[in-house]
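Trainee: Could you take me through one part of this structure in close-up? I'd like to see how a single element sits among its surroundings.

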Amino acid sequence: MAGVTNLRSPAEAGLSKLFESARQSFASETAIAREEAFRFFEATGLPSRRVEAFKYTDLRAAITEAAPPADAPSLEVAKAAVAQAKGFSGIEAARLTFVNGHLIGELSDLDAIPEGVTVVPMSEALAQGHAGLKQLAPVAQARENPVYQLNTAFLADGAVITVAAGAKPVRPLHLRFVGTGDAPFSTATRVLVQLGEGAEFSLLESHEGTDGLTCQPNDALDVVVGPKAAFRHTRLNIEGDATIALSTLSLKVEAEGQVETVNLVTGAVLSRHQIFVHIAGEDTNVVVNGAAMLRRGQLADSTLLADHAAVGGVGREQFKWIIDGDATGVFQGKIIVRQAAQKTDGKMKSDCLLLTDEGQMMNKPELEIFADDVACGHGATCGAPDDDLLFYLMARGLPRAIAESLLVQAFVGEAVEAVTHEGARAALVGEIEAWLKARV
Amino acid sequence: MLEIKNLVVQIEDNRILNGLNLTVNDGEVAAIMGPNGSGKSTLSYVIAGKEDYEVLDGEILLDGQNVLEMAADERAAAGIFLAFQYPLEIPGVGTMTFLKACLNAQRKARGEAELSTPDFIRAVNGAADKLEINKEMLKRALNVGFSGGEKKRMEILQMALLQPKFCVLDETDSGLDIDALRIVSEGVNALRDKNRSFLVITHYQRLLNHIVPDTVHVMSKGQIVKTGGKELALELEASGYAEYRTNEAA
């Protein structure tokens, strides 16, 4: 980001004013460095296309006004919004419900958290200076990211989730984020998850809001996967069609840790999901998959950085894109293999189906390898549905639209198959089917 | 059943069929033989409705209705079935999902009710048993990881389920060992019916030992140049295609 200086945009000036007015309420906090974070943000500003990491997703152009942080909604308003929420709603899970970025205790299962798991609301954790907060921001590169630092500066709520060593709760925990209202607002949530040695934990995360709602959520999930622990994470973005959704997943993985994170995006006019992975211990196994199904003017950006700093890490990253109408997909994937990370085995792939001539897909894969005994590869493909496959299906009686849907579903399905939790996988498949049905 | 009149077809300015005429009657098994490059596979694709080909002239009438006006799926619903020379692998599409979608799409197009799941499974299992298809194959993605013989058996399974009235078998014998050839042929013979016709495209007479044709046509340079009974296949086996060989790709 250094070296790029912009005149401040109205949105940047607005963010500075908002931070000034909020500063008083942060005064007693010591657990997080909001001032530093905001100074970092002020130095970089909203990243524009002149910044390499945001070349295809110009936030300075997209965010024209600084939306004020949302107030906590009344219980009545929150209840009405949650009643409409559908993400992962059919799955038996303990739920933490956030409405407009605020944890709503009355609509959460704080008293029914699975055994071995503790949840402390972030507001409490910040007020008490919770010891676990030392683990916040576990990946260095995320701390150099303006979106993530903006989240730190304005952090309003979230949770600190601790999974005890050896705990293997059967029921997943569901982070349910719902947006509601009729005036623009922003949110900044941070959820920290720490898995003790040998723990196994499934986390579901859904983000949704009504169409036409102009909100700017900026959500961050920090995860520390302890030795021999397994973290499974399924994320669904079905935000409303006027939402600008920014999100960051920071993962630190210790020795023999396992990670599976799968993100499906069908919502938001603009979304950027940033994934920072730090492989800190030996013999880890990390699967990062993503799928986006976009139409009419949508832009979805998945930006991944996987930093292998330890021996024997296996990484599999697979991204699938369906671009309809004049939508745009952006994939930036970077794998760093440090000198110490011998025997790293990494494969990264981004495949796109363009359903129209107007759609766009930007792929930017990067490998930085400093070790000499590694197997790393990347690939990107982009094209229309295969005419020969379409003919084969049509020659069996399937009308073109149904044949195309079947091919699209199969194509996207490859990214979703990695989800271990059967209910979560079915929920993603259901969302894919609903998207296709709306198209036909 | 099927009547082709003066069919002229090209692809990318390359004329493949040159005024082809062919009639296949109800219940008839017609074989088309001919050297490479004579247009046999093109004929099969054009009948089934592949869009890459430009039809410059002629008609293909199925029971009097010109199918050239119809999309491939409409032709399938009307009763045309093409068993592909190289069946395609479709990763991610489960075989059973595919079979059910096809069956119900055709039934819907014909105004028939969808098949219930138990009836569908019974029908698939019955057809699979006859073709010695392992049930595990049905659980996999369509044709993915199947051997050449398994793919061809899967084509015949689809034919048995969909019960078309006009079946085109495009070099169904290619890639089959002796046992697979017997199984596939028995599958086809079991479907022979006075109301169902077949167009069997092959290079070799050996398939016709198993699927005995009523008529044999020789194709060359995009036309039918000779027509005879099943003995014509034996003559070709003995004399080769030298008499008919085109100047096109050997």
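Mentor: Let's start with one helix of chain A and then move out to the chain B side of the contact. Keep in mind that this is a predicted model. The piece to zoom in on is helix 6 of chain A, residues 146-154. Nine of its nine residues are buried, so helix 6 of chain A is largely enclosed by the rest of the structure. The buried set runs from the proline, A:P146, through A:V147, A:Y148, A:Q149, A:L150, A:N151, A:T152 and A:A153 to A:F154. And what does the covering? Among the elements lying over those buried residues are two helices of chain A, helix 1 (10-26) and helix 2 (34-44). Strands of chain A pitch in too, including strand 6 (185-195), strand 8 (215-225), strand 10 (244-253) and strand 12 (270-279).

Those strands bring us to an annotated stretch. UniProt, in an unreviewed entry, lists residues 185-411 of chain A as "domain: SUF system FeS cluster assembly SufBD core". Over that range the chain is 61% strand and 9% helix, with the end C-alpha atoms 36 Å apart.

Now for where the two chains meet. Chain A puts 17 residues into the contact, and chain B puts in 21. On the chain B side, helix 2 (72-78), strand 7 (90-94) and helix 3 (95-109) each give at least two residues. Helix 3 of chain B has the largest share there, with five residues. By character, the chain B side splits into 15 nonpolar, four polar and two charged residues.

How values were computed
Residues are numbered from 1 along each chain as its sequence is written. Chains are lettered from A and ligands numbered from 1 in the order in which they are written. This is a predicted model: local features need pLDDT of at least 70, side-chain atom pairs count only at pLDDT 80 or more; totals for chains, interfaces and linings use all residues. UniProt positions are given in the numbering used here, feature names are shortened, and annotations may be inferred rather than shown by experiment. Helices (H or I, at least four residues) and strands (E, at least two) are DSSP runs, numbered from the N terminus. A residue is buried if 20 or more other C-beta atoms lie within 10 Å of its own, exposed if 12 or fewer, and partly exposed in between; C-beta atoms are placed from the backbone. Two residues are in contact if their C-beta atoms, placed from the backbone, lie within 7 Å. Ala, Val, Leu, Ile, Met, Phe, Trp, Tyr, Cys and Pro count as nonpolar, Asp, Glu, Lys and Arg as charged, and the others, Gly among them, as polar.
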